[in-house]
Amino acid sequence: MERYAWCGRVKDGKIEEYKRRHDEIWPEMKKLLKDSGIENYSIWNVDDRLFGYYECKFGADYAARMQGGSEIVKKWDEYMDDILEIERDPVTGAQKKLVEVFRLD
């Protein structure tokens, strides 16, 4: 199972709104993530910074392709645009993948 991690930033004063929107994540968005093979997904924050981590059952490329062509993801990104700053991969449009530099199994 491939691991995927990303980072981003919540705009000033918007962390509670960010949390609220994720507490109310759309069922169709959850389904798309699961259909993309994404498992064990969590997002952490400190101050205005975010760190996301998930595992890709079918690989990160598959997950990116499934999400890349999705109208649901496009709408979610537009919905989050007013509170979120995130660097995107120019090829996949997904959050830019962090490079793993250490792992203890």
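Leu-104 lies in the segment after β4, the strand of residues 84-86. Keep the structure open while you work through these exercises, and remember that the model is predicted.

**Exercise 1. Decide whether Leu-104 is buried or exposed, and find the patch that includes it.**

Step 1. Start with the cut-off: a residue is exposed when its relative accessible area is over 50%.
Step 2. Leu-104 has 72% relative accessibility, so Leu-104 counts as exposed.
Step 3. Now look at its partners on the surface. Val-99, Val-101, Phe-102 and Leu-104 form a nonpolar patch there, and together they have about 560 Å² of accessible area.

**Exercise 2. Work out how the buried residues of helix α3 are arranged, and what covers them.**

Step 1. List the buried residues of α3, which spans residues 60-68: they are Ala-60, Ala-63, Ala-64 and Gln-67.
Step 2. Look down the helix axis. The buried residues of α3 fall within an arc of 100 degrees, so they line one face of the helix.
Step 3. Turn to the other side of α3, where Asp-61 and Arg-65 are exposed.
Step 4. Find the cover. The elements over the buried residues of α3 include β1 (2-10), α2 (27-35), β2 (38-46), β3 (49-56) and α4 (71-80).

**Exercise 3. Do the analysis again for helix α4.**

Step 1. The buried residues of α4 are Val-73, Trp-76 and Met-80.
Step 2. Seen down the axis of α4, these buried residues fall within an arc of 60 degrees, so they too line one face of their helix.
Step 3. Glu-71, Lys-75 and Glu-78 are exposed on the other side of α4.
Step 4. The cover over the buried residues of α4 includes α1 (15-23), α2, α3 and β4.

**Exercise 4. Describe how strands β2 and β3 are joined.**

Step 1. Check the direction and the bridges: β2 and β3 run antiparallel, with seven bridges joining them.
Step 2. Pick out one pair. Ile-43 has Gly-52 in β3 as its bridge partner.
Step 3. Move to the turn. The hairpin of β2 and β3 has two residues between the strands, and Asp-47 takes a positive phi near 55 degrees there.

**Exercise 5. Find the salt-bridge partners of Arg-9 and explain which parts of the chain the pair with Asp-48 ties together.**

Step 1. Recall the idea: side chains of opposite charge can pair when their charged atoms come close.
Step 2. Apply the cut-off, a side-chain nitrogen of Lys or Arg within 4 Å of a carboxyl oxygen of Asp or Glu. Arg-9 and Asp-12 meet it, with 3.6 Å from N to O.
Step 3. Arg-9 also forms a salt bridge with Asp-48, where the closest N and O atoms are 2.8 Å apart.
Step 4. Asp-48 lies in the loop between β2 and β3, while Arg-9 lies in strand β1, so this pair ties together parts that are 39 residues apart in sequence.
Step 5. Compare the surroundings. Arg-9 is partly exposed at 23% relative accessible area, and Asp-48 is partly exposed at 26%. Asp-12, at 64%, counts as exposed.

**Exercise 6. Say how many salt bridges the structure holds, and look at further examples.**

Step 1. The structure holds 16 salt bridges.
Step 2. One of them joins Glu-87 and Lys-96, whose closest N and O atoms are 3.2 Å apart. Lys-96 is partly exposed, with a relative accessible area of 41%.
Step 3. Salt bridges can also form a network, as they do in linking Glu-17, Arg-20, Arg-21, Glu-24 and Asp-82.

Notes
Residues are numbered from 1 along each chain as its sequence is written. This is a predicted model: local features need pLDDT of at least 70, side-chain atom pairs count only at pLDDT 80 or more; totals for chains, interfaces and linings use all residues. Side-chain values use heavy atoms; hydrogens and water are left out. Patches are made of residues with over 30% relative accessible area and no salt bridge: like charges are joined within 9 Å, nonpolar side chains (Val, Leu, Ile, Met, Phe, Trp, Tyr) within 5 Å. Accessible areas come from the Shrake-Rupley method with a 1.4 Å probe; for residues, only the protein chains shown count as cover. Helices (H or I, at least four residues) and strands (E, at least two) are DSSP runs, numbered from the N terminus. Buried means under 20% relative accessible area, exposed over 50%, partly exposed in between (1.4 Å probe, protein chains only). The arc is that of the directions from the helix axis to the C-beta atoms. Contact means heavy atoms within 4.5 Å. Two strands pair if DSSP finds at least two bridges between them.
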